[in-house]
Structure formats: structure tokens, C-alpha cells
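Ready for some hands-on practice in reading a fold? Keep the viewer open beside you and try each task before looking at its solution.

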Amino acid sequence: MNILLCVCASVAIYKSCELVRILKKSGHNIKVILSDSASKMISQELFEAISGNEVFVRDSGKMEHISLVRWCEVLVVCPATASTIGKIANGIGGTLILDAILAKSSVPTIIAPAMNVEMWKNAFVRENIVKLKNHGFEILEPESGVLACGEEGIGKLANVQEIAEYIS
């Protein structure tokens with residue numbers, strides 16, 4: 001299966017590397033879009049090495065936001081930040097990830113959020129999650145546990161193996 005993985009800037013970003021490894025091992029073909037902020041947190045070259053494909057950060061003028069969505073059979077946003085979730089839910093474009101999501105029509109889209117517990121509980125985030133579900137997005141709810149900030153609660157990225165199994 002052709003999978004387009006959109007990676008946002010979150011402390012859970014390192015887990016997306018493991019997700020690519022698991023999916024690749026299962027025989028899937030993965031292309032990665034890194035948000036601009038994510039590309040400052042983790043190496044584009046690392047994702048190219050583990051995916052075996054070119055990694056995209058910005059649209060080069062070749063309309064990658066359209067060609068990548070036409071190529072994929074499933075689009076996954078992992079980890080998804082509260083900011084990205086809000087922009088998706090409200091139809092806001094302006095980055096390669098957001099424009100790709102706006103360009104998708106019938107491509108199944110899975111969103112795996114990761115954020116601080118207080119952000120996850122925020123009324124706007126909750127409303128955006130409901131809105132996305134109502135528009136056919138599949139949400140892999142975050143887990144409860146100790147978060148990167150040291151707080152405990154819901155907001156931890158779902159188990160990567162379970163995300164991979166869900167995608168497959």
C-alpha cells in the first residue's frame with residue numbers, strides 16, 4: 001500500500017521513525033512530508049534513509065500537494081499537533097501538509113494526535129476532533145501516561161505498533 005505520512009513538530013516525532021520502519025517491514029511504500037517545524041527537529045535525511053523515498057517539506061512548484069495525494073492510498077498525520085488539527089478542521093491551507101489534506105478527496109485519512117493533557121482537554125481541540133470525525137477523518141485517540149513535559153494524563157501518542165496495525 002502507498003502511504004503518505006505527514007509528520008508534525010511534536011516531542012513524539014521520533015516515534016514516527018519507528019512507524020515508518022514497521023510499515024516498511026510490512027511491505028508498504030511510504031513517502032513523508034515533514035512540516036517546516038518538524039524538519040528543524042529531525043533530519044529529512046533520516047526519513048529518506050528509512051523510507052527509501054524522497055522526503056518533502058515544501059511544495060517546490062511541481063504541485064506535490066496534489067501528486068502526493070494522488071499517489072497515496074492512505075494519508076496519515078502522525079504525530080498531529082493541536083495547531084495542525086485546528087487548521088485541518090477549519091480548512092486552512094498554506095503548508096505542504098495542509099494543502100495536501102485540502103487536495104485529498106476520497107483518500108482515507110488517519111490522524112494520530114500527540115500533545116499536552118491540557119491541550120487535549122481544551123474545548124477548541126475537542127470541537128475540532130469532533131468536526132474531523134464528522135468529516136470522515138479517522139482519529140487514533142492519544143493514550144494516558146507520563147508526557148514529555150512531566151505531567152501525567154491523556155495526550156501521549158497512541159502505541160506505534162497499534163497505529164501501524166490500524167493503517168494496514
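The exercises below go from the sheet to the helices and then to single residues. Please keep in mind that this is a predicted model.

**Exercise 1. The sheet**

Task: work out in which order the six strands form the open sheet, and which strands stand at the edges.

Solution.
- Step 1. Trace the six strands across the open sheet: the order is S3-S2-S1-S4-S5-S6, with parallel pairing.
- Step 2. Look at the two ends of that order. Strand S3 (55-56) and strand S6 (138-139) each have a single partner strand, so each keeps one side without a neighbour in the sheet.
- Step 3. Check how S6 is held. Strand S5 (residues 109-113) pairs with S6 in the parallel sense over two bridges, and Ile110 has Glu138 in S6 as its bridge partner.
- Step 4. Add the helix that covers part of the sheet. Helix H3 (residues 44-51) packs on it and touches strand S1 (2-7), strand S2 (29-34) and S3, while its direction makes about 170° with that of S2.

**Exercise 2. Strand S2**

Task: decide how many of the six residues of S2 are buried, and over how many bridges S1 and S2 pair.

Solution.
- Step 1. Count the bridges: S1 and S2 pair in the parallel sense over six bridges. For a landmark, find Asn2, which stands opposite Asn29 in S2.
- Step 2. Turn to burial. Five of the six residues of S2 are buried, so the strand is largely enclosed by the rest of the structure.

**Exercise 3. Two helix crossings**

Task: classify the crossing of H4 with H6 and that of H1 with H3 as roughly parallel or oblique.

Solution.
- Step 1. Start with helix H4 (residues 64-71) and helix H6 (residues 96-103). Their axes come within 8 Å and cross at roughly 55°.
- Step 2. Apply the cut-off: an angle under 35 degrees counts as roughly parallel. The H4 angle is roughly 55°, which makes H4 oblique to H6. The crossing is right-handed.
- Step 3. List the contact residues. H4 brings Glu64, His65, Ile66 and Val69, and H6 brings Leu96, Asp99, Ala100 and Ala103. Sorted by type, the residues of this contact are five nonpolar, one polar and two charged.
- Step 4. Move to H1 and H3, whose axes come within 9 Å and cross at roughly 15°. Therefore H1 is roughly parallel to H3. H1 also passes H3 in a right-handed crossing.
- Step 5. List this contact too: Ser16, Cys17, Val20 and Lys24 in H1 meet Leu46, Phe47, Ile50 and Ser51 in H3. Here the division is five nonpolar, two polar and one charged.

**Exercise 4. The buried side of H6**

Task: find which residues of H6 are buried, and what they pack against.

Solution.
- Step 1. Pick out the buried residues of H6: Leu96, Ile97, Leu98, Ala100 and Ile101.
- Step 2. Find their partners. The buried residues of H6 pack against S1, S2, S3, H4, strand S4 (74-80) and helix H5 (82-89).
- Step 3. Zoom in on Leu96, which is buried with a relative accessible area of 5%. Beyond four places away in sequence, Leu96 touches Ile33, Phe56, Val57, Arg58, Asp59, Glu64 and His65.
- Step 4. Visit H5 from this side. Thr84, placed in helix H5, counts as buried at 12% relative accessibility. Not counting residues up to four places away in sequence, Thr84 touches Cys8 and Leu98.

**Exercise 5. Ser16 and the backbone**

Task: establish whether Ser16 is buried or exposed, then locate the cis peptide bond and the positive phi of a residue other than glycine.

Solution.
- Step 1. Select Ser16 in helix H1 (residues 13-25). At 0% relative accessibility, Ser16 is buried.
- Step 2. Leaving out residues up to four places away in sequence, list the neighbours: Ser16 touches Leu5, Val7, Phe47, Cys78 and Pro79.
- Step 3. Take the last two of those names to the backbone. A cis peptide bond joins Cys78 and Pro79, with omega about -5°, and Pro79 lies in strand S4.
- Step 4. For the phi angle, go to the loop between S3 and H4, where Met63 is found. Phi of Met63 is near 55°, a positive value in a residue other than glycine.

How values were computed: Residues numbered from 1 in each chain as written. Predicted model: local features only at pLDDT ≥ 70, side-chain atom pairs only at ≥ 80, totals over all residues. Heavy atoms only, no water. Axes fitted to C-alpha atoms, helices over the stretch in contact; angles between N-to-C directions. Helix = DSSP H or I, 4+ residues; strand = E, 2+ residues; numbered from the N terminus. Parallel < 35°, antiparallel > 145°, perpendicular 65-115°, else oblique. Left-handed = near helix turned anticlockwise from the far one by under 90°. Contact = heavy atoms within 4.5 Å. Nonpolar A, V, L, I, M, F, W, Y, C, P; charged D, E, K, R; others polar. Buried < 20%, exposed > 50% of the residue type's maximum accessible area, 1.4 Å probe, protein only. Pairing = 2+ DSSP bridges.
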